[in-house]
Amino acid sequence: MNNQLYERDFNLWRESLIEQIKEHRFNDIDWEHLLLELESMGKSEKRSFID
């Protein structure tokens, strides 16, 4: 379900993820996409320091 939500509506996926974390519902988290987003964010931050 979260996988589909990520593909359909990123902002809703993000809000859902925030709620899951706040409510300690760790088994419901879309870990695959969360990790992709964190890796992407890290690369983006690194590039901003280089440029």
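How much area does the chain expose, and what share of it do carbon and sulfur atoms supply? The chain exposes about 4300 Å², and carbon and sulfur atoms supply 54% of it. Accessible areas come from the Shrake-Rupley method with a 1.4 Å probe, and for residues only the protein chains shown count as cover. This is a predicted model: local features need pLDDT of at least 70, side-chain atom pairs count only at pLDDT 80 or more, and totals for chains, interfaces and linings use all residues. Residues are numbered from 1 along each chain as its sequence is written, and side-chain values use heavy atoms, leaving out hydrogens and water.

**Fold**
- The chain has three helices and zero strands (DSSP runs numbered from the N terminus: helices are H or I, at least four residues; strands are E, at least two).
- Its pattern along the sequence is α-α-α.

**Core**
- Of the 51 residues, 20% count as buried (under 20% relative accessible area; exposed is over 50%, partly exposed in between; 1.4 Å probe, protein chains only).
- Leu5, Tyr6, Trp13, Leu17, Ile29 and Leu34 make up the largest nonpolar core (buried Ala, Val, Leu, Ile, Met, Phe, Trp, Tyr and Cys residues joined through side-chain atoms within 4.5 Å).
- Helix 1 (2–8) and helix 2 (10–22) each supply at least two residues of this core.
- Ile29 touches Asn2, Leu17, Gln20, Ile21 and Leu34, not counting residues up to four places away in sequence (contact means heavy atoms within 4.5 Å).

**Helix 3**
- Leu38 sits in helix 3.
- Leu38 is partly exposed, because its relative accessible area is 42%.
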